[in-house]
2 protein chains.
Amino acid sequence: MRIVLRALLFDVQGTATDFHSTVCAEARRIGGTRYRHIDWPGFVDHWRAEYFAALRKAEPDRDSWVTVHSVYANALDGLLGDYGIDLSPDERADLTLAWQRLEPWPDVVAGLNRLASKFTIATLSNADVAAVVNISKRAALPWDAVFTAEMAGAFKPDPTVYRMAARYLGLEPSEIMMVASHKYDIQAAGALGFRTAFVARPLEFGAGGDVDVSFDDDFDVNATDFLDLADQLGC
Amino acid sequence: MRIVLRALLFDVQGTATDFHSTVCAEARRIGGTRYRHIDWPGFVDHWRAEYFAALRKAEPDRDSWVTVHSVYANALDGLLGDYGIDLSPDERADLTLAWQRLEPWPDVVAGLNRLASKFTIATLSNADVAAVVNISKRAALPWDAVFTAEMAGAFKPDPTVYRMAARYLGLEPSEIMMVASHKYDIQAAGALGFRTAFVARPLEFGAGGDVDVSFDDDFDVNATDFLDLADQLGC
């Protein structure tokens, strides 16, 4: 019996949105002429690395959750010191909220609207619920549901997160495809029986960034963007 | 300082959707000519009453959750026996899933689209996530997020459910309005500091049904439907 694909789960930061360009542009705007000499792309790379380090160290549960917003806010304070940048509390708050104003990649809105015509589409993000809601509303991303790590009390790639999404959708993992530009994310889902789609995002860390965009037959689908994914899934 | 309203939370079964008409029509379709003598409106009232009784008795938590789908399925088996109705397993499954195909009231899609232009709009339903997602996708309800009791491990009017939604939205209760046609629901939210909107749904239990539709100055807004709510909130 052929198993029918019913739902797609999407990573948000990096896969659906271009955080590097967005946060660099916001940092340049807020830093202004005072700090035009700063290597903002490098700064954003460091900021993102601090986020990954904090998530790896985190041992949260549903009742003692540390928001990703506070992770970014705390990491920013340290980084600004390292770079010798003096921003006011309001400027720091504004810059931290740049992570809730991420711009989608150019193919995302059109691709999601095509995919939503055939499948249930939802996020499965490590970002906070509020961040995903704010990003999605601003960019008109047509999710049928927002699922995040915060709802599971664990961060991807913890199996708890993927299993939560399947339980909430009332579907088997084999009826759901995890879509991400990060191989660790779709590999973790694949190990639990989810189908997998890799989407290449060569500019995730800006021009010249070090990104693995190689297609791999281990994944059910390899796509260049969300429009290509829609083509391959018959939407 | 005037507190700005940022988000609206909506009850789904009864407030946004006309479960009585939908489930009656599905029961008539599935029962067919064999059971055209059955008082289907009365049957649906009994079915809904069994749901409320089961929820009142439930003492769930997030790790031992009983889905509303299974509550409806179990209640149906008993009711069919009481009414002397013999449906096949497939027909029972189809009829139980009628609760995931609820039609919105005629004002809901237009009203929500107006409200979504100014506010974050989300569900706060006792129905299962899968049910709310399926209803909403079928009816094109433009939620920014789907929140349900299942995510909180408790049913409304337990304070846990309302507090979960505020935490996920990253907002204070005073920045959020609970919208429902059931006074116990908005009173519970109001007691926690949420703003309240009562929407009258005189046909919730069909023509001649016993429904409290009286406006009350204790609520921040009293509205005849979602279009009136949008008018009153300046959308």
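Two strands count as paired here if DSSP finds at least two bridges between them. Keep that cut-off in mind, since the tour of this predicted model opens in a sheet.

**Stop 1: strand β5 of chain A.** Select residues 195-199 of chain A, which make up β5(A). Then add β6(A), residues 221-223: these two strands run parallel and share 3 bridges, so they clear the two-bridge cut-off. To find one spot along this pairing, pick Val199(A), which sits opposite Ala223(A).

Now bring in β4(A), residues 176-180, which also pairs with β5(A) in the parallel sense, with 4 bridges. Here Met177(A) has Arg195(A) as its bridge partner. Trace the chain from β4(A) to β5(A) and you pass through helix α9(A), residues 183-191, in a right-handed β-α-β crossover. How many of the 5 residues of β5(A) are buried? The count is 4, leaving the strand mostly covered.

**Stop 2: Phe147.** Select Phe147 in both chains. Within the largest nonpolar core, a set of 176 residues, Phe147(A) and Phe147(B) touch the most other members. Show what surrounds Phe147(A), skipping neighbours within four places in sequence: its contacts include Leu9(A), Leu124(A), Met164(A) and Tyr168(A), plus Val129(B) and Met151(B) from the other chain.

**Stop 3: the A/B interface.** Colour by chain. You'll find 20 residues of chain A in contact with 20 of chain B. The buried area between the chains comes to about 1,700 Å², with 52% of it from carbon and sulfur atoms. There are 2 salt bridges between the chains. For one of them, zoom in on Asp144(A) and Lys137(B), whose closest N and O atoms are 2.8 Å apart.

Definitions and conventions. Residues are numbered from 1 along each chain as its sequence is written. Chains are lettered from A and ligands numbered from 1 in the order in which they are written. This is a predicted model: local features need pLDDT of at least 70, side-chain atom pairs count only at pLDDT 80 or more; totals for chains, interfaces and linings use all residues. Side-chain values use heavy atoms; hydrogens and water are left out. Buried means under 20% relative accessible area, exposed over 50%, partly exposed in between (1.4 Å probe, protein chains only). A crossover is right-handed if, with the strands pointing away from the viewer, the path from the first strand over the helix to the second runs clockwise. A nonpolar core is a set of buried Ala, Val, Leu, Ile, Met, Phe, Trp, Tyr and Cys residues joined through side-chain atoms within 4.5 Å. Contact means heavy atoms within 4.5 Å. Buried area is the accessible area (1.4 Å probe) that two parts lose on being put together, summed over both. A salt bridge is a side-chain nitrogen of Lys or Arg within 4 Å of a carboxyl oxygen of Asp or Glu.
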